[in-house]
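Hi everyone, thanks for coming. I'd like to walk you through a structure that may be new to most of you, so let's get it up on the screen.

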Amino acid sequence: MTPLPANDVDLRVQLLSLMLKNPVMPASGCFSFGREVARFYDLGLLGAIVVKATTLTERMGNPTPRVAETPAGMLNAIGLQNPGVERVLEEELPHLAKYDNLPVIVNVAGTAVEDYVEVVRRLGDSPLVAAIELNISCPNVKCGGIQFGTDRGMAAEMVAAVKEAATQPVIVKLSPNVADIGDMAQACEEAGADALSLINTLVGMRIDIDRRTPLLANGTGGLSGPAILPVAVRMVYEVAARVRIPVIGVGGVASGRDAVEFLQAGAVAVQVGTANFTDPFACPRIIEEVRDWCAASGVSRVADLIAAANPAALRLRKERAL
Amino acid sequence: MVASARILRHTEIARGIFDLRFFSPDAARTATPGQFVHIRVSDSFDFVLRRPLSVCRVDPSEGSVTVVYRVQGAGTRRLATMAAGAQLDVLGPLGQGFPLHAGDVRAVLVGGGVGVPPLVELAARLAAQGTAVTSVVGFQTRAQAILQDELALYGDVRTTTDDGSLGLRGLVTGVLTQGFVDGANRYYACGPTPMLQAVQRTMAGLQVPGYLSLEERMGCGFGICVGCVHPIERDGRVQNLKTCKDGPVFPAGEVLFT
C-alpha cells in the first residue's frame with residue numbers, strides 16, 4: 001500500500017452510539033478519575049476515558065503491599081478503593097465536563113446485584129456519564145466482582161438487572177479467569193449487554209522467598225501489563241467471532257502496534273492500563289503511533305483495521321452493518 | 001516534570017549502594033527535601049514500574065540532582081549498570097516533602113539505611129535557615145554506613161549499627177532520650193517502617209512533634225494506581241492516603257501503624 005500523509009488518517013471509530021475521535025482510552029483503575037494525568041496532557045486528546053471502579057459506598061481497599069512488579073508486568077490488589085458513587089458524582093467527575101467530545105465511561109463494581117443496580121441508577125441521572133462499564137471481573141475483593149464474572153448464570157442475572165436500571169449503554173468487562181470466555185461473552189450478550197471489554201487481570205501471586213510469604217498483603221493479585229497481551233489478543237479474537245456486540249480490547253497495550261493488533265483481532269477500540277504507570281504520556285503517544293502506523297501502511301481509516309485478521313469476526317461485523 | 005536527563009556521575013559509595021547524579025535543571029531548581037524522582041530503568045516494557053528514589057542533594061547552579069539508592073532487585077540492578085553520559089527517563093520531583101518551619105531553633109533528624117539520603121538536603125536547608133541540626137543515623141553494619149560526612153557539614157551526627165561495628169550498638173531510638181532532644185522544636189525521620197514506628201512512639205513520649213517519610217511499595221508515583229496508600233488520621237477520620245501524591249512525608253501524629 002502507498003504511504004499517506006499522517007494528517008490524512010481518519011482515526012475515528014464507532015462504539016455503540018458514540019463516535020470516538022480515536023480508538024484509545026485509558027483502562028479503569030489505571031487513570032484514577034483523570035485529574036492527575038490532566039497535569040501532563042490535555043485529556044481531550046483521548047478517544048474516551050474510563051474512570052476508576054465506583055461502588056455504592058466508600059471502600060478503603062486492601063492492606064499494603066498492593067502492587068508488585070513481575071516480568072513485563074505487575075500484580076495489583078488495590079481492592080477497589082474509591083470514595084463511593086455520591087462523592088464520585090460530586091467531586092471526581094465534574095472536572096471532566098470541560099473537555100469537548102470526551103465520553104466518560106464509569107466502571108461500576110459492588111458486592112451484590114442490588115449494589116450494582118443502585119450505583120447504575122444514580123449514575124443514570126448524570127448527563128456526564130456516556131456509558132457504564134460493568135466490572136464483574138475484579139479478582140481482588142473477597143465478596144463480589146469476579147464471582148459474577150466466572151459463573152454464566154450469575155453474570156446473566158447481573159447484566160439483565162443492570163440493563164433494566166441503566167439509562168446509558170452497558171459495557172460488560174469480562175474476566176479471563178474462566179474456562180470458556182466465549183461462552184461468558186455470549187451469556188452477557190444474551191442478557192442484554194451493549195458491548196464487552198476484555199480482559200480484566202489474570203489472578204496471580206508472587207512470593208517473597210526471603211520472608212517466606214506472598215508478596216502482596218492480599219496474597220493473590222491481578223496480573224497486567226505486556227506479559228498478558230497474547231492472552232488478551234487470543235480472547236478478543238475468540239469473542240469477536242462469537243458475539244455481535246462490539247468488543248473493546250484490553251491487556252498489555254503499550255504501543256501503537258499493540259493497539260493495531262487488538263483492532264485486527266476484532267476490537268473496535270482499546271484500553272491502555274499498566275502502560276500509564278510506566279509512561280504517563282502512554283495514551284497520546286499510542287494514538288500518534290497508531291496514526292503513524294496507518295500512514296506508513298497506507299491505511300486511510302483506522303476503522304478498516306477492525307477484525308482485519310479475524311475473518312469470522314469480520315463476517316459478523318458485516319452482517320451487523322447490513 | 002518528565003525529562004531525559006544525562007547521568008553526570010554514578011558511583012558505588014558502599015557495598016551495593018550507589019550515588020547517582022543527573023542533569024535536570026528544572027528538578028534541581030524545584031525539588032524540595034523529602035520529594036522523590038521516579039526513574040525508568042529501561043526503555044522497553046520489561047520493567048513496567050519506575051523506581052522511586054528520594055532526592056539526596058540538589059545543585060541548582062550545576063543543574064544537578066543526586067539520589068542515593070541500594071540495589072535491591074532486578075530493576076535497581078539494571079539501573080546500576082547505566083554509566084555516566086547515558087540518558088535517564090526521570091519523572092519528578094514528585095510528592096510532598098518535609099515542611100520547613102522558619103524560627104525552629106533545633107531539629108533532630110533520624111534516618112535508617114537508605115532512608116538517610118533525603119536528610120542531607122533537609123539538613124542543608126535547615127542549617128541555611130538558622131535551625132541547629134542534630135542527626136541520628138542507623139545502619140545494619142559499618143559496610144552499609146553512608147552519608148555521615150555529608151550530614152556532619154550541618155551539625156552533630158550520631159551513628160548506630162545493629163552489630164556495633166560502627167558507633168553505638170543498637171537502634172536509633174536508643175539515642176533519643178529526654179536529654180538528647182532537649183530544646184528540639186521538631187524531628188524529621190525517614191527509614192524502614194519498624195524504625196519509623198519506634199521513632200514515632202519514642203518522640204511522642206518525649207513530646208516532640210515531627211514528620212515521617214513513609215515507605216510503601218509504589219506503582220505509578222503520581223496518584224493514579226492507588227497502590228502505595230497508608231492509613232492516615234486526618235479531619236477526624238482514617239483515610240488511606242497516597243504515599244506518592246499526599247506523601248511520602250506526613251505529620252507524625254497523623255500516621256497510623258497496624
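Let me start with a small puzzle: in strand 6 of chain A, which residue is the bridge partner of A68(A)? The partner is L75(A). Before I go on, please keep in mind that this is a predicted model.

So, staying in chain A for a bit. Strand 5, residues 67-70, and strand 6 run antiparallel, with four bridges joining them. These two strands form a hairpin with two residues between them, and in that hairpin A72(A) has a positive phi near 50 degrees. Strand 6 itself covers residues 73-76, and G73(A) and L75(A) point one way from it while M74(A) and N76(A) point the other way. That's a pattern you may know: in a regular strand, side chains alternate between the two faces of the sheet. Here, all four of those residues, G73(A), M74(A), L75(A) and N76(A), are buried.

Strand 6 of chain A has another partner too. Three bridges link it, again in the antiparallel sense, to strand 14 of chain A, residues 221-224. If you want to find the pairing on screen, look for N76(A), whose bridge partner in strand 14 is G222(A).

Now over to chain B. What do six strands of chain B close into? They make a barrel, in the order 1-2-5-4-3-6, with antiparallel pairing. From one strand to the next, the twist averages 45 degrees.

Let's zoom in on one pair from that order. Strand 3 of chain B, residues 36-40, and strand 4 of chain B, residues 51-59, pair over four bridges, antiparallel. F36(B) has S54(B) as its bridge partner in strand 4. Then there's helix 3 of chain B, residues 117-128, which lies across strand 4 and strand 5, at about 30 degrees to strand 4.

Further along chain B, I picked out two residues. One is Q200(B), which sits in helix 5, residues 193-205. Is Q200(B) buried or exposed? Its relative accessibility is 17%, so it counts as buried, the cut-off being under 20%. Leaving out residues up to four places away in sequence, Q200(B) touches Y187(B), L212(B), A252(B), V255(B) and F257(B).

The other is H230(B), in strand 13 of chain B, residues 229-234. H230(B) is buried as well, with a relative accessible area of 6%. Its side chain reaches the backbone oxygen of L256(B) at 2.7 Å. Beyond its sequence neighbours, the contacts of H230(B) include L214(B), E216(B), V255(B) and F257(B).

Last topic: how the two chains meet. On the chain B side, 29 residues are in contact with 37 residues of chain A. The area buried between the chains is about 2,700 Å², and carbon and sulfur atoms give 61% of that. Which three residues supply more of the area that chain B buries against chain A than any other three? That would be F45(B), V48(B) and I224(B), with 26%.

There's a polar side to this as well. Across the interface we get 13 residue pairs in polar contact and four salt bridges. Strand 14 of chain B, residues 237-242, gives the largest share of the side of chain B that touches chain A, namely five residues. As for a salt bridge you can look up, E58(A) and R237(B) meet through their side chains at 3.6 Å, N to O.

That's my tour, thanks for listening.

Note on methods:
Residues numbered from 1 in each chain as written. Chains lettered and ligands numbered in written order. Predicted model: local features only at pLDDT ≥ 70, side-chain atom pairs only at ≥ 80, totals over all residues. Heavy atoms only, no water. Pairing = 2+ DSSP bridges. Axes fitted to C-alpha atoms, helices over the stretch in contact; angles between N-to-C directions. Contact = heavy atoms within 4.5 Å. Buried < 20%, exposed > 50% of the residue type's maximum accessible area, 1.4 Å probe, protein only. Buried area = accessible area lost by both parts, 1.4 Å probe. Polar contact = N/O pair within 3.5 Å; in protein donor to acceptor, adjacent residues only side chain to side chain.
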